[in-house]
Amino acid sequence: MRTILLISRCPPYPAHLGDRLIIWHLARELSKRGYIIDLLALHDRAEDPQNIHHYRAFFRQIQLIREPPRSSRDYLRRLLWPRARFAASPDASFCPALWRAIAKRLSRNDYDLVHCFGSVAVYEFLPIFAHLPKLITPYESYSLYLRSAAQQGDLRARVALPLARRFERFMFTPFDRAVVLSDVDAAMLRRLQPVLRVEVVPNGIDLAQFRPGATNRNRNTLIFVGNFAYAPNQDAARLLTAQVLPAVRAKLPETRLQLVGANPPGWMRALANEHIEVTGRVPDVAPYLARAAVFVCPLRIGAGLKNKVLEALAMGVAVVATPLSVDGIAVRHQESAWLAPGEQLAGAVIRLLGDAALRARLSQKGRELIEDGYTWARTADAYERLYSAVCAETDASGG
C-alpha cells in the first residue's frame, strides 16, 4: 500500500470547518485501507495543537506549524518575478519552517507521492518534491469566488480578481493533477490555464451522521446553516431576512426562520425575535435539519461545493437554492431540489410550504442522490484512482 506525504494549509479538526472536513474524512478512509500518511499542516488557531488527539489514529506522523503572515509585497514579488514563484530555498518561501519540515520528512522517508491541500499556502514548495508524483487539491478556484463577489458589488473583489487570475495561471501547472470539488471550478481553471490537468472529486457525506429520522417536521420552519464568519453566508442571511422571509410571511404568517451556525455577527443576533432564531454554534446541525420543512440556500457569492447543501439533501429536508448553491452537486430541478434565482426564492418557498407531496418527493430524491453519488468512500475511491494514475505516469517517464 502507498505511503503519502500530505501537506495541508490547515489541520483536519474541527471537521465542521469546510476546508478541514475533506482532510479528516479522506485520511480516515485511506488509513482504513492500509495507506500510511504523514501530515504536515499549517495552523492559525491557538487550540489546534491541543486537538491532534482527535485525528492521530489516521496518520503515522503529525507536525503542525504556525502559519506566518503574508504581506502584499510577498504576493507582488511572485507576480512580477517568475523565478520567485516557487521556493527553491527556505528563505524564499512564505513559511521557512514548513519548507524545512518537508525537506526533513523527504530525507527520512520514502514516499510514493505527495498530496497538497490548499493553494497559495502550499503550492510553492513543489521544487522540494518535484521528482515525486504530486497532486494538489485547492478545493476551488479563488478567481471564481472573487468573480461572484465582484458581481455583487464588492469593490475589493473586483480589484483582487485579476491578481488571483494571474496566480491561478501558474500555481498548479507543475503538479501532475489539480483537484477541485466542482465542474464549474474546473472550467474556470481550464480557461485560465488550458494545459492544466484538472480533475473533479466532490466531497462526500457521513451517511450515518446525516440520516433522516422519525422526527416530525415543523411545516412552518425554514432553515439555513453556515459558518457566519464567512462573508458569503452573511450575504445569504441578509437576503433571507430582508427579502425572502418577509415575502413568505406576507402569505404564510406562521413561517419562521432558523439561522444555524457559528460566529453570527452582532447585526444577525439583533434580528432574533419570535420568527427568527439565531442559534450560534450548535454541537450537531442534523437535529435542526431533521425538524425543518425547507432548507433555503440563497448563496450569491462563492465557489466550490457547498457541504451544507449535501447535508440538507442527506437529511431529507426539501431544498430550495440558487443555482450557485448547488455547483458541483448533480441535483435536478423539481426532482431532487428546487432551483431559483434570488428574486424568485420566496415564491418557491411559498409553493413548497403549501405542497406536502412536493416536499416529500424532493426529500426522497435528495436523499437518494446523496446515497448514490456523495459518500466519503466514493471520494476515497476517486483519489485512489488518481494516485495510481500519477504514480504510473511517473514510473513510465522514469521520474
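**Two parallel sheets and their contacts in a predicted model**

A nonpolar surface patch of about 330 Å² is formed by L76, L80 and W81. This patch belongs to a predicted model, and the description below should be read with that in mind. L76 sits in helix 2, which spans residues 72-80. With a relative accessibility of 45%, L76 is classed as partly exposed.

Turning to the sheets, seven strands make an open sheet in the order 3-2-1-4-5-6-7, paired in parallel. Strand 3 (61-66) and strand 7 (198-200) are at its edges; each has a single partner strand, so one side of each lacks a neighbour in the sheet. On average, and ignoring direction, neighbouring strands of this sheet are turned by 20° against each other. At one end of the order, strand 2 (residues 36-43) runs parallel to strand 3 and is joined to strand 3 by six bridges. Within this pairing, D38 has Q61 of strand 3 as its bridge partner.

Helices pack against this sheet as well. Helix 1 (residues 18-32) lies across strand 1 (3-8), strand 2, strand 4 (113-117) and strand 5 (134-139), and runs at about 150° to strand 4. Helix 7 (residues 183-192) also packs on the sheet, where it touches strand 6 (177-180) and strand 7. The direction of helix 7 makes about 175° with that of strand 7.

A further open sheet contains six strands in the order 10-9-8-11-12-13, again with parallel pairing. Its edges are strand 10 (276-280) and strand 13 (338-339), each of which pairs on one side only. Strand 11 (residues 292-297) and strand 12 (residues 318-321) are paired in the parallel sense through four bridges, and F295 has V319 in strand 12 as its bridge partner. Helix 12 (residues 345-353) packs on this sheet and touches strand 8 (218-225), strand 11, strand 12 and strand 13. The direction of helix 12 makes about 165° with that of strand 12. Helix 13 (residues 356-373) lies across strand 8, strand 11, strand 12 and strand 13 too, but runs at about 90° to strand 12.

The edge strand 10 deserves a second look. Strand 9 and strand 10 pair in the parallel sense over four bridges, with V260 standing opposite G280 of strand 10. In a regular strand, side chains alternate between the two faces of the sheet. Strand 10 has a covered face made of I276, V278 and G280, whereas E277 and T279 make up an uncovered one.

E277 leads on to the salt bridges, of which the structure holds 22. R256 forms one with E277, and the closest N and O atoms are 3.2 Å apart. Since R256 lies in strand 9 (residues 256-260) and E277 in strand 10, this pair ties together parts that are 21 residues apart in sequence. Both partners count as partly exposed, R256 at 25% relative accessibility and E277 at 27%. Elsewhere, R20, D44, R45, E47 and D48 are joined into one network by salt bridges that share partners.

Helix 1 contributes to another pair: the side chains of R28 and D206 meet in a salt bridge with an N to O distance of 3.9 Å. Here distant parts of the chain are linked, with R28 in helix 1 and D206 in the loop between strand 7 and strand 8, 178 residues apart. R28 is partly exposed, having a relative accessible area of 21%. The side chains of R33 and E29 likewise meet in a salt bridge, at 3.6 Å from N to O. In this pair R33 is partly exposed, with a relative accessible area of 24%, while E29 counts as buried at 12% because the limit for buried is under 20%.

Finally, a few points of backbone geometry can be picked out. The peptide bond from Y13 to P14 is cis, and its omega is near 0°. P14 is placed in the loop between strand 1 and helix 1. Y139 is not a glycine, yet has a positive phi of about 70°; Y139 is located in strand 5 and counts as buried, at 5% relative accessibility. N263, another residue other than glycine, has a positive phi near 60°. N263 lies in the loop between strand 9 and helix 9 (266-269), and at 47% relative accessibility counts as partly exposed.

How values were computed:
Residues numbered from 1 in each chain as written. Predicted model: local features only at pLDDT ≥ 70, side-chain atom pairs only at ≥ 80, totals over all residues. Heavy atoms only, no water. Patch = residues over 30% accessible without salt bridge, like charges linked within 9 Å, V, L, I, M, F, W, Y side chains within 5 Å. Areas by Shrake-Rupley, 256 points an atom, 1.4 Å probe, with all protein chains shown as cover. Salt bridge = Lys/Arg side-chain N within 4 Å of Asp/Glu carboxyl O. Helix = DSSP H or I, 4+ residues; strand = E, 2+ residues; numbered from the N terminus. Buried < 20%, exposed > 50% of the residue type's maximum accessible area, 1.4 Å probe, protein only. Pairing = 2+ DSSP bridges. Axes fitted to C-alpha atoms, helices over the stretch in contact; angles between N-to-C directions. Contact = heavy atoms within 4.5 Å.
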